[in-house]
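This report covers charged pairs, helix packing and a few individual residues. The sequence and structure come first.

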Amino acid sequence: MVKRNSNIELLRLVAMVFITAHHFAIWGYFIGGDVHTVHPNTVWLQFLELFGKIGVDLFILITGYFAINPRPTFKKVWQLTNTVRFYALGLFIILLVCGQLQFNTDLMWRSMFPTIRSMYWFITIYAILYIFSDYLSQLLGHLRRAQAVSFIALGVLIFMVLPTFLKGWGSQLTDLLPVFFFGLYLRMYGVSKRLSTLLKVLLGVTVVIAVLSIGLSDLVGNNRPESQAIAEATSYFVTGSSPLAFIVAAYIFSQTIQRQPRGNRLINWMGSSAVAIYLIQDYEPFHNTLWQGIFHVRDFADSMATPAFIGYSFFVMVVIVIGAILIDKLLRYILMRPAQVLLGLEMLATRYVMRWFKNLIKVTGYQLEP
């Protein structure tokens with residue numbers, strides 16, 4: 001049995017804390033862009049907003065890093081989609097019962113098939129990358145090291161730099177492909193001294209850009225309250241293709257994998273529920289209820305003294321992260337049997353479809369390689 005590296009599991013939790021901080025800011029305060037004055041709490045929220053795509057990139061780096069190992073299986077895909085379905089459908093029912101949501105047929109179907117209907121964009125992209133991970137790893141593996149570097153650098157330029165700074169093309173899938181390949185590259189070649197130095201320099205540049213971006217945007221926003229400058233101060237960091245978020249994530253990840261692997265049962269226990277932290281807080285119809293109805297982020301941001309609000313933001317993040325982990329452990333225990341039954345039916349259907357597909361191919365005369 002392969003022991004899980006607690007450094008990686010801790011990084012999953014850190015990534016979820018980053019994403020939670022981002023949601024605290026964007027769904028709790030900046031939603032709609034209706035921010036026209038700057039005060040210390042606004043600057044703190046802008047700082048928190050920076051971390052969202054960093055957390056996403058950390059998850060994709062981890063996915064790429066382990067793509068060189070076992071091949072993807074239908075069983076793991078079904079397990080992931082079933083977990084997402086349980087949470088989406090569960091939240092849909094809870095919100096209906098509590099009167100926080102009116103029945104909507106389209107939303108019901110999206111909650112029943114959340115991965116296919118992209119209820120959670122990140123899960124949909126993650127599932128696609130996982131399914132194709134073996135082929136993607138073979139692609140990079142057939143390149144020489146210099147070619148792999150050029151391939152990733154070109155991907156960063158086309159899919160990240162140009163869409164972010166020139167507001168050009170982009171998609172949620174292609175945005176993350178260079179991140180995936182970089183994680184895979186680090187697994188194949190490790191972190192060289194030259195790469196480590198480069199990431200440190202780029203990290204310094206990124207910090208300077210972050211400070212200037214927020215500072216200049218807030219200055220413009222104060223002088224032109226009708227603009228969206230304050231709400232968009234972190235736009236270069238929160239886009240799906242942001243190379244700045246990628247740089248920070250790459251630096252954190254490179255430092256993590258250079259550490260001596262260790263095992264910690266508590267961290268591993270918590271890390272196994274990392275996805276649940278995301279699923280609970282990012283169910284779209286739950287945004288307003290969670291951030292405004294329960295935690296009143298906007299009201300407190302406008303009324304609290306800054307030290308108290310900073311403390312409150314940490315309190316909310318801890319409650320969400322720890323609460324989601326405990327809920328996930330309880331649901332796993334309660335739904336263990338139904339989940340096994342559903343997985344068994346899905347695997348049976350999968351085997352039937354694959355058998356039918358292979359027979360169909362044989363009719364054409366094409367011989368499948370073993």
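Helices here are DSSP runs of H or I with at least four residues, numbered from the N terminus. Helix α17 covers residues 306-334, and Asp 328 and Arg 332 lie in α17 four residues apart, which means that about one helical turn separates them. The model is a predicted one.

## Salt bridges

Side chains of opposite charge can pair when their charged atoms come close. With a cut-off of 4 Å between a side-chain nitrogen of Lys or Arg and a carboxyl oxygen of Asp or Glu, the count is six salt bridges. Three of them are listed with their N to O distances.

| Pair | N to O distance |
|---|---|
| Glu 9 and Arg 12 | 3.3 Å |
| Arg 117 and Asp 106 | 2.7 Å |
| Asp 328 and Arg 332 | 2.9 Å |

The pair in α17 joins a buried residue to a partly exposed one. Asp 328 has a relative accessible area of 4% and is therefore buried, because buried means under 20%. Arg 332, at 42%, is partly exposed.

Salt bridges with shared partners link Arg 4, Glu 9 and Arg 12 into a single network. Within this network, Glu 9 and Arg 12 both belong to helix α1 (residues 6-30) and are three residues apart, about one turn of the helix. Glu 9 has a relative accessibility of 5%, so Glu 9 counts as buried.

What does the salt bridge between Arg 117 and Asp 106 tie together? The side chains of these two residues meet at 2.7 Å, N to O. Arg 117 is in the loop between α5 (105-112) and α6 (121-131), while Asp 106 is in helix α5, so the pair ties together parts that are 11 residues apart in sequence. Arg 117 is partly exposed at 36% relative accessibility, and Asp 106 is partly exposed at 41%.

## Packing of helix α3

Helix α3 (residues 52-65) packs against helix α12 (residues 243-257) with the axes 8 Å apart and at an angle of about 50 degrees. That angle makes α3 oblique to α12, because it falls outside the ranges that count as roughly parallel (under 35 degrees), roughly perpendicular (65 to 115) and roughly antiparallel (over 145). The crossing of α3 and α12 is right-handed.

On the α3 side, the contact is made by Lys 53, Ile 54, Asp 57, Leu 58, Leu 61, Ile 62 and Tyr 65. The α12 side supplies Ala 245, Phe 246, Val 248, Ala 249, Ala 250, Ile 252, Phe 253 and Ile 257. By class, this contact of α3 with α12 holds 13 nonpolar residues, two charged residues and no polar ones.

Helix α3 also meets helix α9 (residues 177-189). The axes of α3 and α9 come within 7 Å and cross at roughly 50 degrees, and α3 and α9 are therefore oblique to each other. The crossing of α3 and α9 is right-handed.

In this contact, α3 contributes Asp 57, Ile 60, Leu 61, Thr 63, Gly 64 and Tyr 65. They meet Val 179, Phe 180, Phe 182, Gly 183, Leu 184, Leu 186 and Arg 187 of α9. The residues of the contact of α3 with α9 divide into eight nonpolar, three polar and two charged. Among the α3 residues, Asp 57, Leu 61 and Tyr 65 appear in the contact with α12 and also in the contact with α9.

## Individual residues

Gln 255 lies in helix α12 and is partly exposed, with a relative accessibility of 28%. The C-alpha atoms of Gln 255 and Asn 7 are 10 Å apart, although 248 residues separate the two in sequence.

Ser 196, in helix α10 (residues 193-223), touches Gln 255 and Val 191 when residues up to four places away in sequence are not counted. Is Ser 196 buried or exposed? With a relative accessible area of 13%, Ser 196 is buried.

Met 304 sits in the loop between α16 (297-303) and α17. At 26% relative accessibility, Met 304 is partly exposed. Leaving aside neighbours within four places in sequence, Met 304 is in contact with Asn 41, Phe 309 and Tyr 312. Met 304 and Asn 41 are 263 residues apart along the chain, and their C-alpha atoms are separated by 8.3 Å.

Notes. Residues numbered from 1 in each chain as written. Predicted model: local features only at pLDDT ≥ 70, side-chain atom pairs only at ≥ 80, totals over all residues. Heavy atoms only, no water. Helix = DSSP H or I, 4+ residues; strand = E, 2+ residues; numbered from the N terminus. Buried < 20%, exposed > 50% of the residue type's maximum accessible area, 1.4 Å probe, protein only. Axes fitted to C-alpha atoms, helices over the stretch in contact; angles between N-to-C directions. Left-handed = near helix turned anticlockwise from the far one by under 90°. Contact = heavy atoms within 4.5 Å. Nonpolar A, V, L, I, M, F, W, Y, C, P; charged D, E, K, R; others polar.
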